[in-house]
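Biologist: Could you take me through one part of this model at close range, and then show me how that part sits in the rest of the chain? I would love one connected account rather than a list.

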Amino acid sequence: MGYRWRYNNITGSMIVDSREYDKNYSNYVSVINGGMDRDNFPVNTITYDDFEEKSVGRWQSVDNINAEDDYGTTTDANFTGGTVNPRGNSINGLKYGNNPIQGGGFWFPVGDTLNMPCEEGMAVIRFHINSFVPKYYHYYKRGTTDRVVRRSRQWKIEVDGVEVSRTSEIFPAFNCSQMFVQVPVSKGKHEFKVYCKVPPQKEADDGSAVHLNYWGGQLSVHNRRR
């Protein structure tokens, strides 16, 4: 059976810690909700839809974020079949001089924008993605003194155009990036977006080499209500 809390006045002399406050306040909570608690709710009073809509919050995601779907990819002209690469492997991805990288050094959008109606509370944002940058050139183009950029990438998350999280510059050839951030949000519709940045182009980065490819990304947002 349900437990009825003893009556207490909430006064400064009685509040010594948070647990005592909870005990004193529970009497008023019981009056406000009509004496109902988890022990004496009628069966099926709270349905699954009630729980999903009013307790869990709202959740949305952008799935399968990849360079091919976002911008289209092309083949690396320096690493193709023939005598240089007799096994016939190829590298596909995004290049300098083409969208979205162009000359590099700026943030470009990745995946679709997540537009989500929220209740006042917290937006729990998670993002993960796999990426690859070729490493067959370092500092200089082979056999020349022409410089090439050090292959790297960065990721960031924006909410309503305001940056809330950013990775450091990532240099390994293969990498799985994971980001997690919680942001307070007001009631209303909010925009969640992921961006990527690569270093500025150098003189030997002529557009023949692939700089970046990414795939298997997901952006998810859980609106936890107050």
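Modeller: Happy to! Helices here are DSSP runs of H or I with at least four residues, strands are E runs of at least two, and both are numbered from the N terminus. On that basis the protein chain has three helices and ten strands. Please keep in mind that this is a predicted model. Read from the N terminus, the order of elements is α-α-β-α-β-β-β-β-β-β-β-β-β. The chain has 226 residues, of which 35% count as buried. Among contacts with a separation of 6 or more, 74% are between residues 24 or more positions apart.

Let us look closely at phenylalanine 106, which lies in the loop between β3 (92-95) and β4 (107-118). Is phenylalanine 106 buried or exposed? Its relative accessible area is 35%, and because buried means under 20% and exposed over 50%, phenylalanine 106 falls in between, as partly exposed. Beyond its neighbours within four places in sequence, phenylalanine 106 is in contact with Pro100, Ile101, Cys196, Lys197 and Val198.

Two of those partners deserve a visit. Proline 100 is found in the loop between β3 and β4, and the peptide bond leading to proline 100 from asparagine 99 is cis, with omega near 5°. Cysteine 196, on the other hand, is buried, with a relative accessible area of 0%. Cysteine 176 is partly exposed, at 44% relative accessibility. The structure holds zero disulfides.

Proline 200 is another residue to visit from here: its C-alpha is 8.0 Å from that of phenylalanine 106, although 94 residues separate the two in sequence. Proline 200 lies in the loop between β9 and β10 (210-225) and counts as exposed, at 52% relative accessibility. Leaving aside neighbours within four places in sequence, proline 200 is in contact with Tyr96, Gly103, Gly104, Gly105 and Val149. From proline 200 to valine 149, the C-alpha distance is 7.4 Å, across 51 residues of sequence.

Now for the strands. β4 and strand β9 (residues 188-197) pair in the antiparallel sense over nine bridges. Within that pairing, phenylalanine 108 has cysteine 196 in β9 as its bridge partner. Cysteine 196 is thus a link in this account, being also in contact with phenylalanine 106. The wider setting is an open sheet of four strands, in the order β4-β9-β6-β7, with antiparallel pairing. β4 and β7 (162-166) are at the edges, and each has a single partner strand, so one side of each has no neighbour in the sheet. Neighbouring strands of this sheet are turned against each other by 25° on average, direction ignored.

What do the aromatic rings add? The whole structure has four aromatic pairs. One of them joins tyrosine 71 and phenylalanine 108: the ring centres are 6.2 Å apart and the planes stand at 85°, an edge-to-face arrangement. This pair connects distant parts of the chain, with tyrosine 71 in the loop between α3 (67-70) and β2 (74-75) and phenylalanine 108 in strand β4, 37 residues apart. Tyrosine 71 is partly exposed, with a relative accessible area of 31%, whereas phenylalanine 108 is buried, at 2% relative accessibility.

A further pair is formed by phenylalanine 127 and tryptophan 155, whose ring centres are 6.1 Å apart with planes at 55°, so the pair is tilted. Here too, distant parts of the chain are linked: phenylalanine 127 is in strand β5 (residues 121-132) and tryptophan 155 in strand β6 (residues 154-159), 28 residues apart. Both phenylalanine 127 and tryptophan 155 are buried. Ring pairs also bring in Tyr214, giving a cluster of Phe127, Trp155 and Tyr214.

Charged groups sit over rings as well. Lysine 156 lies over the face of tyrosine 195, at 5.5 Å from the ring centre. The charged end of arginine 150 sits over the ring of phenylalanine 171, 4.8 Å from its centre.

One last stop, on the backbone. Aspartate 160, in the loop between β6 and β7, has a positive phi near 55° despite being a residue other than glycine. Aspartate 160 is partly exposed, with a relative accessible area of 40%.

Definitions and conventions:
Residues are numbered from 1 along each chain as its sequence is written. This is a predicted model: local features need pLDDT of at least 70, side-chain atom pairs count only at pLDDT 80 or more; totals for chains, interfaces and linings use all residues. Side-chain values use heavy atoms; hydrogens and water are left out. Buried means under 20% relative accessible area, exposed over 50%, partly exposed in between (1.4 Å probe, protein chains only). Contact means heavy atoms within 4.5 Å. A disulfide is a pair of cysteine sulfur atoms within 2.5 Å. Rings of Phe, Tyr and Trp (its six-membered ring) pair if their centres lie within 6.5 Å; planes under 30 degrees apart count as stacked, over 60 as edge-to-face and the rest as tilted. A charge sits over a ring if NZ of Lys or CZ of Arg is within 6 Å of the ring centre and within 35 degrees of the ring normal. Two strands pair if DSSP finds at least two bridges between them. Axes are lines fitted to C-alpha atoms, for helices over the stretch in contact, and angles run from 0 to 180 degrees between N-to-C directions.
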